[in-house]
Structure formats: C-alpha cells, structure tokens
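Good morning, and thank you for making time for this short presentation. Please have the sequence and the model open before you as I speak.

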Amino acid sequence: MTARLPVFPLATVLFPGLVLPLHIFEERYRHLVRDLVGQPEGAPREFGVLAIRSGWEVAPGAGRATPGGGEVTLHEVGCTAELRQVNELDDGGFDIVTVGRRRFRVTGIDRESAPYLTADVEWLPEPTGPDEAAEVLAARVIAVFRQYLGLIRADPQELSEQLPEDPTVLSHLVAATAVLTVADRQRLLAIDDTTARLRAELRLLNRESALLRQVRAVPVPLSELASPPAPN
C-alpha cells in the first residue's frame, strides 16, 4: 500500500512510539503545520521524518547560517510523526510535540507541488503476534542495555525506570536511547524483523559498552560534532 506524505528532513532518526518535540521557525514548515492543523476532524495529522544523509537542510533566508553542505540527500527509510500538541508563537512559529507512528520507504520525492517536500511512500511491515526468538533476545537486550546505561549515567537512580517487555517496542526504544550515530540508528530503523533488530542492537550495545569501559567516555563522531542544529 502506498501513500503521499509531507516530508520533514532532520539530522536525526525517529522511531515508532518515540516523542519528538520540534521548534518550527522556517516558513515552509510553518505552512506544513498549518496544513496539518487544518485537516478535517479524524484525518491523520502526520508527516514523514527522513534523516539527512548529506548536506544541511536549512533554507536560504531562514534566519540561520548555512555553511556549505551542498545539495541535501535523504535516507529512503523514515518514520511518520503524528502531531499531538501545537503551540503557536507570537512570531508566527510553532512549538509542536509529535510521536513516531509507522515506518515507510520513499519511492519518489516531489519538490515542486507544495512549499515543503512531499513523497510517495510504501508502508513497511511491523510484526504481529508472539515471537519466541524475539522474546528471548529481548530479555538479553534488557540486561545488556541496563549495564550500558550504568556506564553512561552518573545517577544510579536513573536506572530504575521500567523497560517495555514487548520486543518491538523495546527495540525502538533502545535504538532511540542509546548513544549511537545517525548511520547506526538509520540501519536499525530499516530492519523489518524485530528479532534481527534486537540482534543488531545486542552487537552494538556490547561494542559501545566495551569502548566505554576502556575510555570512560561516550563516543561522538567528529562529523556529528560539526553538524548544525536540526532544522525545523
């Protein structure tokens, strides 16, 4: 099944079920928010979030510097953001709160028919029903993830939060919460099978935990340190 979505390029990866607050200051994205708010009652108020592969997505004259970057290219797999809260600001911008809803793959980008990007997308499958292999892996991921959190958090009280038992929900939470590169997160988002995603996360968590034990610091790639703030 395919659909047409408005698209919001960001320097981050959104996962189903995760909260994404945004400050909207560019006119094209103000237009997007107004269009979503103006949808009929009961119509979906969602847009697609796509992580930027290269370039910096800030429009000329948007009020922020735009150093270099070249043409923006986007990853093909993204996640829709459902509009939950909208606060209009005195300057005409918006503070919004969205929640990730469903994954998609882009089949075509339209840069002309609206002030903002739109895309033809196909919905990616999500697992339904129990999966014994995923449940076994989920228990291992929870144990390793708690050890990992102990290495990156100074306050032991922060480790007491309840982690979801549902393997798919857990896989999305771990992918969004662990200190990973955009490339790592993007690879996790693109995996259709929960068991495969959990297995990949187990490898990543073991890798990051080993590194943290050696250097006692959270690794951040130089390319991400040099990136501008995510455009909104």
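I shall go through the overall layout, the strand pairing, the salt bridges and the surface charge.

First, the basis of what I report. This is a predicted model, in which local features need pLDDT of at least 70 and side-chain atom pairs count only at pLDDT 80 or more, while totals for chains, interfaces and linings use all residues. Residues are numbered from 1 along each chain as its sequence is written, and side-chain values use heavy atoms, with hydrogens and water left out.

Let me begin with the layout. The protein has 6 helices and 7 strands; helices (H or I, at least four residues) and strands (E, at least two) are DSSP runs, numbered from the N terminus. Read from the N terminus, the order of elements is β-β-α-β-β-β-β-β-α-α-α-α-α. Of the 232 residues, 42% count as buried. Here buried means under 20% relative accessible area, exposed means over 50%, and partly exposed lies in between, with a 1.4 Å probe and protein chains only. The areas themselves come from the Shrake-Rupley method.

I turn now to strand 7, residues 118–123. Which strands pair with strand 7 in the antiparallel sense? One is strand 1 (residues 2–10), over 5 bridges, and another is strand 6 (residues 94–110), over 6 bridges. Two strands are taken to pair if DSSP finds at least two bridges between them. On the strand 1 side, Ala3 has Val121 as its bridge partner; on the strand 6 side, Ile109 stands opposite Ala119.

The salt bridges come next. A salt bridge is a side-chain nitrogen of Lys or Arg within 4 Å of a carboxyl oxygen of Asp or Glu, and the whole structure contains 13 of them. Consider Arg4, which forms a salt bridge with Asp110, their closest N and O atoms being 3.4 Å apart. This pair links distant parts of the chain, with Arg4 in strand 1 and Asp110 in strand 6, 106 residues apart. Arg4 also meets Asp120 in a salt bridge, at 2.8 Å from N to O. That second pair again joins distant parts of the chain, since Asp120 lies in strand 7, 116 residues from Arg4 in strand 1.

Is Asp110 buried or exposed? Asp110 is buried, because its relative accessible area is 19%. Arg4, at 44%, is partly exposed, and so is Asp120, at 30%.

Two further examples deserve mention. Arg84 and Glu82 meet in a salt bridge at 3.1 Å, N to O; Arg84 counts as exposed at 52%, whereas Glu82 is partly exposed at 24%. In addition, Asp184, Arg187, Arg207 and Glu208 are linked in a network of salt bridges.

Finally, the surface charge. Asp131, Glu132, Glu135, Asp166 and Asp193 gather in a patch of negative charge on the surface. A patch is made of residues with over 30% relative accessible area and no salt bridge, like charges being joined within 9 Å. Asp and Glu count as negative, and the charge is placed at CG of Asp or CD of Glu. Within this patch, Asp193 sits in the loop between helix 4 (182–190) and helix 5 (194–215). Asp193 is classed as partly exposed because its relative accessibility is 39%.

Notes:
Patches are made of residues with over 30% relative accessible area and no salt bridge: like charges are joined within 9 Å, nonpolar side chains (Val, Leu, Ile, Met, Phe, Trp, Tyr) within 5 Å. Accessible areas come from the Shrake-Rupley method with a 1.4 Å probe; for residues, only the protein chains shown count as cover.
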